[in-house]
Amino acid sequence: MRLGSFAAALAGVALSALAALAQQPIKPAVVYDKGGKFDKSFNEGVFMGADRFRKETGVEFRDFEPANDAQIEQALRRFARDGHSPIIAVGFSQATALQKVAAEFPDLKFTIIDMVVELPNVQSIVFKEQEGSYLVGLLGAMASKTNKVGFVGGMDIPLIRRFACGYVQGVKAAKPDAEIFQNMTGATPAAWADPVKGGELAKSQIDRGADVVYHAAGGTGIGVLRAVADAGKLGIGVDSNQNGLHPGRVLTSMLKRVDIAAYSSFKAAYEGTWKPGTSVLGLKEDGVDWALDEHNKALITPEMKAAADKARADIISGAIKVHDYMSDQKCTM
Amino acid sequence: MDLLQLVALVLDSTIRLSIPLICAAMAGLWSEKAGVVDIGLEGKMLVAAFASAVASFVTGSAWVGLCAGILASLALALVHGFAAITWRGNQIVSGVAINMLAAGLTVVLGNAWYGQGGRTPSLEGAARFGDITLPFARWTREHVPGLGLLYDEVVSGHAVPAYLAFLSVLVTALVLGRTRFGLRIRAVGENPAAVDTAGISVARLRYAAVAICGLLCGIGGTYLATAQAAGFLPHMTAGRGFIALAAVIFANWRPWPALGACLLFGLLDAIAIRLQGVTLPGIGLVPVEAIQALPYLMTIVLLAGFIGKAAPPRASGLPYVKER
């Protein structure tokens, strides 16, 4: 009897092992951007997605936080040499390194977020940040009492100008006469992790009358939201849902669903449906969105929600075209 | 916004940005006046920022954070003193070692304890030094035109360590310039043999100066992490220790001019932030990069052209060896 149940248990173990083998266990890995894994924003979103995959499938993933640019290529190559696949490279700054490493390991799968790398074994995931930024711009302008709103960007690159440009269009759509202050934190990658500077920039905008400030600045944005909350104004978060950082003082967050991107990349590889190529995720694909939860529901009036819902439907249907800064390097309206 | 308001806001920002510089400059002044060159100001501030952020987070009190920051900075200062005074090591090498140790240790410990890429958790409420409104600030703003506004915006409304920083300048100037202890400190930096001949311990005086240096760096670092920001970030001092050192040299090792230099550097920083994205008449839109390079360019120009002859303490950087 006892032997029988033991044999049954053994058979069960063997069966599940077989099932796991049939699923082709993968060895996924993530190389973060220099903002660091827990930046409460962009990188943390990727981590959340990868972690969700781990919890659902039980497949562990490796990750690495580069401290400088030189480490990015080393990390990618080390993961590749160990046979990790798919490897997610987070952020535009990894494109050159990935271009090299992916060409050296044609049998492995690579995914890059926020940049396009055209190789047969690379999946590129980019977002229509301008669409999400348009919606938060619309909400921000409606929430503003002074008709003045601010934007603090991280490093001055076309990608961040795309955020800014979408935001400006959203603000102008709600209040054509609104004034918009725009600042970039710096011209080097250090601009992603300088909350003191971010806070000062936000303060300077508040001093000029802004009462809603949107940031697209990674770790620097923590300082922006802090300064805005200290001054009793409203901030707008980015990438991950940052509403909970200062409940009641963050109007909403522009969600960039990097978590879904990371999760679905791993999941597709796990199920054997992973495909290279470029996917562009916008409002229609649920790649970008704005956050509404218990922390900010008192700040969003029914009219604001209705306006945002209408704008979203119009963007998806094509009735509103949000200009993409990166298509012509200009922000004209 | 009218001009006066703009000036007041820029000056307010200047004060905030120059506090860490002022603390570090006074710290460097004490050390250098006693003949111990200290390029480890940066590292000491960084360690203080980290220690204060951790202690404030754990206890929920910014004052405990201040104590922890000062203690951590003091410990590093004594290491520097031990290497430079007791063992007569090369003071530059020791200072560089302290900077590297601080840069690495803070990130490693932060990552091990909190797993947030070296950051400490965000500080809330009493774990941060809030802004103090000085008495009559509101009243003067409404009743005294001009000056009242300046008083409210610029003088009032800073955190405790900020006022400590200004106090430290006054104390440094008085003690170094007007007391027996100050005279001895200066003497030990100019001619330690003479001090020794008079029967006063050179090592003890230099240790005292190095300890004061550690204390002041501790205040500066604590201000960065618990008042200006809300938590520690890797490399958050971002070269402020070196700028402070430049301010000391720029001011020819005198306290009040050093305060002026720090405020000037702070002002350049504040202007750089506010000029961004502003269209100047005749020039057009100022590029971000040009504005951000301004403080560094000015530093070089000022240091190269306007300082005249630098007169460092004569025994600066030299370990004292008793004649046998």
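Here are some exercises with worked solutions on a predicted model with chains A and B.

**Exercise 1. Work out whether the radius of gyration of chain A fits the globule rule, and describe the chain's fold content.**

Solution. Start with the secondary structure: chain A holds 11 helices and 12 strands. Next, take the length of 333 residues, for which the globule rule gives 20 Å; the radius of gyration of chain A is 22 Å, close to that value, so the chain is as compact as a globular protein of that length. For the outline, the C-alpha trace of chain A spans about 80 × 50 × 40 Å along its principal axes. Now look inside: 56% of the residues in chain A are buried. Finally, turn to contacts with a separation of 6 or more, of which 69% in chain A join residues 24 or more positions apart.

**Exercise 2. Repeat the analysis for chain B, using its radius of gyration.**

Solution. Chain B comes to 13 helices and 2 strands. With 324 residues, a compact globule would have a radius of gyration near 20 Å, and the 21 Å of chain B agrees. Its C-alpha atoms fill a box of roughly 70 × 50 × 40 Å along the principal axes. Buried residues account for 49% of chain B. Among its contacts with a separation of 6 or more, 77% link residues 24 or more positions apart.

**Exercise 3. Describe how the two domains of chain A meet.**

Solution. First set the bounds: the domain assignment gives domain 1 as 24-127 + 259-281 and domain 2 as 129-255 + 301-328. Taken over C-alpha atoms, the centres of these two domains of chain A are 27 Å apart. Then count the residues in the contact: domain 1 of chain A gives 13 and domain 2 of chain A gives 14. On the domain 1 side, helix α2 (residues 42-57) of chain A has the largest share, with 3 residues. By class, that side has 3 nonpolar, 5 polar and 5 charged residues.

**Exercise 4. Find which elements of chain A touch chain B.**

Solution. Begin with the two sides of the contact, which takes 21 residues from chain A and 18 residues from chain B. On the chain A side, the elements that give two or more residues are β7 (179-186), α7 (195-207) and α8 (220-230) of chain A. Of these, α7(A) supplies the largest share, 6 residues. Sorting the chain A side by class yields 8 nonpolar, 6 polar and 7 charged residues.

**Exercise 5. Locate the residues with the most contacts inside the largest nonpolar core.**

Solution. The largest nonpolar core has 189 residues, and B:C23, B:A25 and B:A247 have the most contacts inside it. Helix α10 (residues 202-228) of chain B contributes the largest share of this core, 14 residues. The core also reaches into chain A, drawing at least three residues from each of domain 1 and domain 2 of that chain. To see one of the residues up close, take B:A25: leaving out residues up to four places away in sequence, B:A25 touches B:A244, B:A247, B:V248, B:A258 and B:C262. As background, nonpolar side chains tend to be buried together in soluble globular proteins.

**Exercise 6. Judge the confidence of chain A from its pLDDT.**

Solution. The mean pLDDT of chain A is 88, and 92% of its residues reach 70 or more. Then check for a weak stretch: over residues 17-22 of chain A the pLDDT is below 50, and beyond near neighbours in sequence this stretch has 1 contact in the model.

Methods
Residues numbered from 1 in each chain as written. Chains lettered and ligands numbered in written order. Core = buried A, V, L, I, M, F, W, Y, C linked by C-beta atoms within 7 Å. Buried ≥ 20, exposed ≤ 12 C-beta atoms within 10 Å, placed from the backbone. Helix = DSSP H or I, 4+ residues; strand = E, 2+ residues; numbered from the N terminus. Domains from an automatic or database assignment. Contact = placed C-beta atoms within 7 Å. Rg over C-alpha atoms; globule rule 2.2 N^0.38 Å. Nonpolar A, V, L, I, M, F, W, Y, C, P; charged D, E, K, R; others polar. pLDDT = per-residue confidence, 0-100.
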